[in-house]
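Visitor: Please take a close look at one interface in this model and explain how it is put together. A description of the partner chain and of the neighbouring interface would also be welcome.

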Amino acid sequence: MLVSWNTMPTSIPKENGSVADIQFESPVIIVDPAAACGSVTLTDESSMTKASVRAADDTAAASALGLAFGSAEHRGDVFVARIRPDEWMVFGAADMVVAMIAELDLGGYASTVDITHSRLMFRVTGGEAAKAMEKVCSLDFSDHMAPNGSCAGASVAKVGCDVIRDDIVGADGATIRSYRILCDRSFGQYLFDALVDAKAEFG
Amino acid sequence: MIMSNRLPESSSEVVDRSKPIRFDWNGKKMKGFEGDTIASAILANGDHILSRSLKYHRPRGVLTHDFWDPNLMVQVGDEPNVRAGHRRLEAGMKISAQNVWPSLKFDAKAANGIAGRFLTAGFYYKTFMKPARLWPVYEKVLARFAPGGEVDLNTPHGYHDKRYAHPDVVVAGAGPAGLAAAIAAAQCGASVLLVEHEYEVGGHLLWGTDDDRAAAATLLAQAAAAGVEILTNSTVTGRYEDNWLGIAQRSHPIAVERLIKARAKVLVVAAGLIERPYVFQGNDLPGVMTSGAVSRLINMYGVKPGKCAVVLAANESGDQAVEDLKRADVEVARVVDARGSTTVNCAKGSRTRIKSVEVSDGSSIDCDLLVTAVGWTAPTSLLNMSGDRPVYDAAAARFFPNSPPDNVLATGGITGDGSRDELIAHGRATGELAAGRANAARHRIQAATASAAAVAGDEPEYPSDNRAPLTRADHPELHRSSTHGLVDYSEDISSKDLFGAAAEGFDSVELLKRFTTATMGPSQGKLETVNTVAILAEARAETIEQVGTTVWRPPYAPISLGALGGRVFEPVRVSSIHPWHEANGYTPILAGQWVRPEHYGDPHAEVRNTRTNVGITDVTPLGKLDLQGPDVPKLLSQLYTNKWMKLPVGGVRYGIMCAEDGVVLDDGVTARLGEDHYLMTTTSSGAGGVWNWVENWLQTEHPEWQVHVTPLTTGLTSINIAGPNSRKLLSRLVDCIDLGPGAFEYMQVRTGTIAEVDNCIVWRIGFTGELSYEIHVPSGHGLHVWNALLEQGEDLGVAPFGLEAQRIMRLEKGHFIVGQDTDGLSKAPTTGMISLLKLDKDDWAGKTEVAWALEDDYPVIVAVQPTDPKIVPEEACQILRDGTREIVGRITSSRHSPTLERSVCLAQVSREFAVAGTTLTVLLANGERINARVMEHHAHFDPEGERLRG
Amino acid sequence: MLLVPCPNCGPRNATDMNYRGEAHSRPDPDAATKEEWRTYLYLRDNPSGWLRENWYCSSGCRRHFQLERHTLTGELRNPPLPGRKTAGA
């Protein structure tokens, strides 16, 4: 299978050693300083390399990627989420993502698309992150319905998103609740502002 | 001299005497305490008339002193219709009476009382009708009598928001049973949300004995310890399918009112009982009130409701009122025990207060306070909303829950009677049952949900309802005395009105309600429905069961539009180039959810520059679908009207898509980027719809096709570079793409690097009719490339052009726009693209209807030019058969062309008129008829397309 | 608000779905008469009772599915689903 343009994220260095000195433009133009403050914080991770893999259950690619629909996990420096029955998202450091994609056997039939630029990614983190999400999303965020490593598609502030629970470990070693939210890039500023508003209540 | 009706401090009160509050009532300065309701504070200061009734403007005082009291609606500052029997006093409140003129004391509109005979129920259906020409006058007169407070249009918007919740159990009502149910459920491990209408939990315990109050405090502490989330001054306002609940939360720290949308596994209805007024002559005189009102005023608010009372008692609440009155130093002149056959016949008084009561045994007693305790109404609304039809029990004189669905349980006074401990025991049993059922439901939902944690073991058994029911105490049926009185205080509907309406034929409860408006006022039937039904039963000589009730619908209590609206966020989409547009004087236009540049000051100049030099425009909203797989050609052939099996790599083809009824759905160009890799474009507004259309076909009709579809509409920032200098400009920026005319022809596609950005796609297509290239750039670098174009093209005369200039240019070239020049009835042949309709191809969407349409008559899109080049007909102007009013078409697009310096149009006309050279008659919006000519080609400018193919 | 059992995601709010109407089959476009084709386009059985219908889980898994709804009681049912998660599986 030829590696076509769409499996090569633009954030990797070129073969001849030169690196394009162009910044990735995030869809969030105005970053409200309140985003990073308070008990619930909101960060923009839109520039992270992201790839989408589509494959039916009976393909080699599906076996290699594994995971049940609705779950996600870290694999070294790469994060894999099975967000639809037949779709996985792979994100992380550019070269790691490219390497993982390149290793996939796309026979029978599987395909990949670079979605680095088409999907934004935000993180909502904090003890009350679920409560903040409850302001704008009708999913059940309780631990048994959305445990760490779960993912689901839902409307967030009226915009179609994928929500992945990916708790992080704080400086003191304690686990902090955290959600990654992905959606169409064009809603970036709107969604960022809506999330800042939703979390304001929690200080 | 202001008299104070304030009682000495007591241990039972909720007012805090150490916190006085100053307020204003109708211009009078008054003082109350924290914990007072607005009404209790006013009463304490000696005023007992708080409003005037709707129709007759009769003076009104406290009736029930709770949320439903219809006589206590007041204006507080800029907020109308505040319920003074519920709302707590706050410092600085400016309170005034509503619906009075010139003042509460002297209300000239009370003259209605004299004309009462002519203002019976439904009078407005019979009066103010003729002569019809006087309707504007009638309207002015009637408006003066419209009820309700004043709305200040400049009221600042408060903060309202929403929240979702997924509690295991929601308990509606925090009386003893509700509290007990919440505690028990939480102790069984359920997540519990307890919602209470009043400002404190405890229900009737709050105005009972000291023991009652201590019990309430204990229950509250237990609930907090068990982790119950308690919302006070909040209402469960609606129950929808599958226990979807609307909860209106007031008294929230940051929001004026918050709407909680909760999906509860089990709903426990512990709404208690609402005390019903009695119907008799004079029953709305100030000084006539229910036993609950009296007990609340005395015990909770320390207010003396009168000096000398008569009590009509049919139950324990009446007995307690007698005790409370005596303790408050009110003379109890007579207790009429209604458990026998004695009752009150009528009340007499002046305009301002009751003065005496006539008892059915013939005696007449002087008093300034008449207390009634004649029975209870079960507030079964939430049960009704869940599908239950409560049943009337004549021995107990009220309705009881019948058979709600398994996930709705009722407890407490609404299900039966008992001591405080019995209510608590029933509540506990209900809470345990609720937790058990919620647990089983949670297991089932968790097992069925893909993203949920795995469940251990089998689904727990669904517990059956083995609760010992509360007993039903006997209670006399007391609805109406032997005289006529008010049934609906909000609407001034008397029992005489109801008899009259029934006699006129409005004798079903639904008709009676709507004709008289009984139960349709602010108390929404809480105090009136049962009496209304009972009186209708009287009129029909039937029983209450036979008459039935009206249907209870949400909301249970009023909810503000602000809470329903929530945060005023509407999603907005912008391209990555948007910051540049904003900074450079664009005029924004909203296209769907997209904010786009309409122009940058002068769209005609933009057109001229593009056709002379080079223009660039941001077309990012253009729909883009990445298609991969060996079966993509089959998909394209299925969805487009033309043939796609042999498009070479690097080739681009235009296609029209139809729905199955042959109507044009969308159009666009599709490119083949690789062996099994295509990129489809759609119209901007059709992007989402076409994606759904494609997925529908792939999943439901052809799941065997190997095709994967991914939207890249916003992942690729799209810029159209058009004009004679476009090739020169682009060549300064591209790497690895030969732009030479022979190497890169019209309707082809290439990939490469632009301004150091890899993985860009370059199309040679042309909506504007100029030599043009459309570049698709990964959006994270879109603005970079836009800036590079502007920088590199300065000496070439580069300038941006907006949506308006693009629309003018495409119109000059006669390119139709789906949805603008076609409509919901336009089948494919109307576009004129007959050569694209490949009937010899196998099945494609819309083929059947298109084939049939071709054999028939259909309207045709043509290019039209008005004879007078200065006239630009409005879009949608009708085209008529000359000399008649027969419509034969319409103008679909119309602009002044700066290139040709005349007006140019596209139109749909019947085939008969679609012949080049035909003169059309166009009816302008101002009524003028003008002539216009059907042109030879769709393109008004450069019909051979020489510029395009250069 | 109806809770719709998506066979992949599990129970979801009806607003997370697109309702696509009564299930009906597409006639053979080559053989269909005008009447048959237009019946397919515009006419539905609209029974009082169990109705097989099409739903699209637009906010969740983006899969089309069918279920049966009782048009009088509002009850929903769909066939049992493969691959439900249980501990240890």
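Guide: Two residues are in contact when they have heavy atoms within 4.5 Å of each other. The model is a predicted one, in which local features need pLDDT of at least 70 and side-chain atom pairs count only at pLDDT 80 or more, while totals for chains, interfaces and linings use all residues. Residues are numbered from 1 along each chain as its sequence is written, chains are lettered from A and ligands numbered from 1 in the order in which they are written, and side-chain values use heavy atoms, with hydrogens and water left out.

The part chosen is the interface of chain B and chain C. Here 31 residues of chain B are in contact with 29 residues of chain C. The two chains bury about 2600 Å² between them, with 49% of that area on carbon and sulfur atoms; buried area is the accessible area (1.4 Å probe) that two parts lose on being put together, summed over both. Of the area that chain B buries against chain C, 21% is supplied by B:E660, B:Q699 and B:W852, more than by any other three residues.

Charged pairs come next. A salt bridge requires a side-chain nitrogen of Lys or Arg within 4 Å of a carboxyl oxygen of Asp or Glu, and the rule finds four across this interface. One salt bridge joins B:K847 to C:D30, with 4.0 Å between the closest N and O atoms. There are also 13 residue pairs in polar contact between chain B and chain C, both residues being at pLDDT 80 or more. A polar contact is a pair of N or O atoms within 3.5 Å; within protein, one must be able to donate a hydrogen and the other to accept it, and residues adjacent in sequence count only if both atoms are side-chain atoms.

On the side of chain B that touches chain C, α9 (420-448), α18 (687-701) and α22 (847-854) each supply at least two residues. The largest share, eight residues, comes from α18(B). Helices (H or I, at least four residues) and strands (E, at least two) are DSSP runs, numbered from the N terminus. By class, this side of chain B has 14 nonpolar, seven polar and ten charged residues.

The partner, chain C, has one helix and six strands, arranged β-β-β-α-β-β-β from the N terminus on. Of its 89 residues, 40% count as buried, that is, under 20% relative accessible area (1.4 Å probe, protein chains only), with exposed meaning over 50% and partly exposed in between. Among contacts in chain C with a separation of 6 or more, residues 24 or more positions apart account for 50%.

Chain B also meets chain A, where 53 residues of chain A are in contact with 55 residues of chain B. This interface buries about 4600 Å², and carbon and sulfur atoms give 56% of the area. Six salt bridges are found across the interface of chain A and chain B, including one between the side chains of A:E134 and B:R163 (3.8 Å, N to O). The polar contacts between these chains number 27 residue pairs, both residues at pLDDT 80 or more.

Notes: Nonpolar A, V, L, I, M, F, W, Y, C, P; charged D, E, K, R; others polar.
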